[in-house]
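Biologist: Please take a close look at one part of this model, the charged side chains, and then set that part within the rest of the chain.

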Amino acid sequence: MNESMLFKLLDLAGTFAFAISGAVAARQKKLDLFGIITIAYMVACGGGIMRDLCIGAIPPAGLVDWRYLALSLVASMLAIAVYPVLQRLDHPVQMFDALGLGFFAVFGAHKALAYGHNVQVAIVLGVVSAVGGGAMRDVLLNRTPLILRKEIYASAALLAATLQVSGEQLELPADWLPWFGIVLCFGLRYLAMRYHWNLPRFPRGNG
């Protein structure tokens with residue numbers, strides 16, 4: 001498998017995972033079929049569209065490549081069909097969101113570098129790719145976005161994006177480098193959910 005195909009598969013895998021998280025969240029809110037598909041598509045493609053607009057990849061892939069909409073439709077139908085099974089999982093929305101987080105952080109950072117942007121831009125847009133769609137989902141469903149909570153979320157995406165950018169700068173092998181960041185991102189996010197790890201908070205001042 002060449003590098004281009006590998007990263008395209010990573011992007012599509014992240015798209016499907018995020019679409020599942022969006023569809024399940026919409027189903028939990030008892031939205032109709034159109035609402036479920038809309039939320040699934042927005043979660044799956046929202047962060048990527050923002051990234052593509054920032055790096056000059058116009059029109060964004062999420063708007064012109066039929067596979068993104070197709071994956072959102074499949075994820076929506078799957079979430080509806082097996083919703084009782086998905087509900088048995090521990091926090092299914094966050095679980096699939098954690099899967100997509102690593103895929104998109106790595107792919108987003110890689111794509112920004114491929115379009116000639118510097119290290120800082122690549123890391124930032126890797127994080128934006130990973131957290132953008134989930135933030136849209138939570139706002140539309142009247143939930144506090146995960147990125148604004150005390151949980152370890154954006155920091156896990158930041159780790160994956162940083163590892164990917166650092167590895168590419170060091171010219172590490174592309175066949176295993178992305179998986180390293182993806183596994184670490186998912187592992188950190190999963191452990192944070194399981195053991196309630198949080199970023200530190202500071203006491204309110206007297207002023």
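Modeller: Asp65 has a relative accessibility of 16% and therefore counts as buried, a term that means under 20% relative accessible area, with exposed meaning over 50% and partly exposed anything in between (1.4 Å probe, protein chains only). This is a predicted model, in which local features need a pLDDT of at least 70 and side-chain atom pairs count only at pLDDT 80 or more, while totals for chains, interfaces and linings use all residues. Residues are numbered from 1 along each chain as its sequence is written, and side-chain values use heavy atoms, with hydrogens and water left out.

The partner of Asp65 is Arg67, and the closest N and O atoms of this salt bridge are 2.8 Å apart; a salt bridge here is a side-chain nitrogen of Lys or Arg within 4 Å of a carboxyl oxygen of Asp or Glu. Arg67 has a relative accessibility of 29%, so it counts as partly exposed, whereas Asp65 is buried. By this rule the model contains 6 salt bridges. Asp138 takes part in a salt bridge with Arg137, at 2.9 Å from N to O, and Asp138 also meets Arg143 in a salt bridge of 3.1 Å, again N to O. Asp138 has a relative accessibility of 0% and so counts as buried. Shared partners join Asp97, Arg137, Asp138 and Arg143 into one network of salt bridges. Arg137, like Asp138, is buried.

Beside this network in the sequence is Asn142, found in the loop between helix H7 (119–140) and H8, where helices are DSSP runs of H or I with at least four residues, strands are runs of E with at least two, and the numbering starts at the N terminus. Asn142 has a phi near 60 degrees, a positive value in a residue other than glycine, and with a relative accessible area of 72% it is exposed.

A further charged side chain lies against an aromatic ring: the charged end of Arg27 sits over the ring of Tyr83, 4.3 Å from its centre, the criterion being NZ of Lys or CZ of Arg within 6 Å of the ring centre and within 35 degrees of the ring normal.

To set these contacts in context, the protein has 9 helices and 0 strands. Its radius of gyration is 17 Å, close to the 17 Å that the globule rule gives for 207 residues, so the protein is as compact as a globular protein of that length; the radius is taken over C-alpha atoms, and the rule is 2.2 Å times the number of residues to the power 0.38. The C-alpha atoms fill a box of roughly 55 × 45 × 30 Å along the principal axes, and buried residues make up 47% of the 207 residues.

The loop between H8 and H9 also holds acidic residues, among them Asp175, which is exposed with a relative accessible area of 55%. From C-alpha to C-alpha, Asp175 is 22 Å from Leu125, and the two are 50 residues apart in sequence. Glu171 lies in the loop between H8 and H9, has a positive phi of about 60 degrees although it is not a glycine, and counts as exposed at 71% relative accessibility.

Trp176 is likewise found in the loop between helix H8 (154–169) and helix H9 (177–195), and its relative accessible area of 41% makes it partly exposed. Leu159, Leu170, Leu172, Trp176, Phe180 and Leu184 make a nonpolar surface patch of about 550 Å². There are 5 aromatic pairs in the structure. Trp176 and Phe180 form one that is edge-to-face, with 6.4 Å centre to centre and 75 degrees between the planes; rings of Phe, Tyr and Trp (its six-membered ring) pair if their centres lie within 6.5 Å, and planes under 30 degrees apart count as stacked, over 60 as edge-to-face and the rest as tilted. Phe180 is partly exposed, with a relative accessible area of 42%.

One last local feature is the cis peptide bond that joins Ile58 and Pro59, with omega about -5 degrees. Pro59 has its place in the loop between helix H2 (33–55) and helix H3 (61–64).

Terms used. Patches are made of residues with over 30% relative accessible area and no salt bridge: like charges are joined within 9 Å, nonpolar side chains (Val, Leu, Ile, Met, Phe, Trp, Tyr) within 5 Å. Accessible areas come from the Shrake-Rupley method with a 1.4 Å probe; for residues, only the protein chains shown count as cover.
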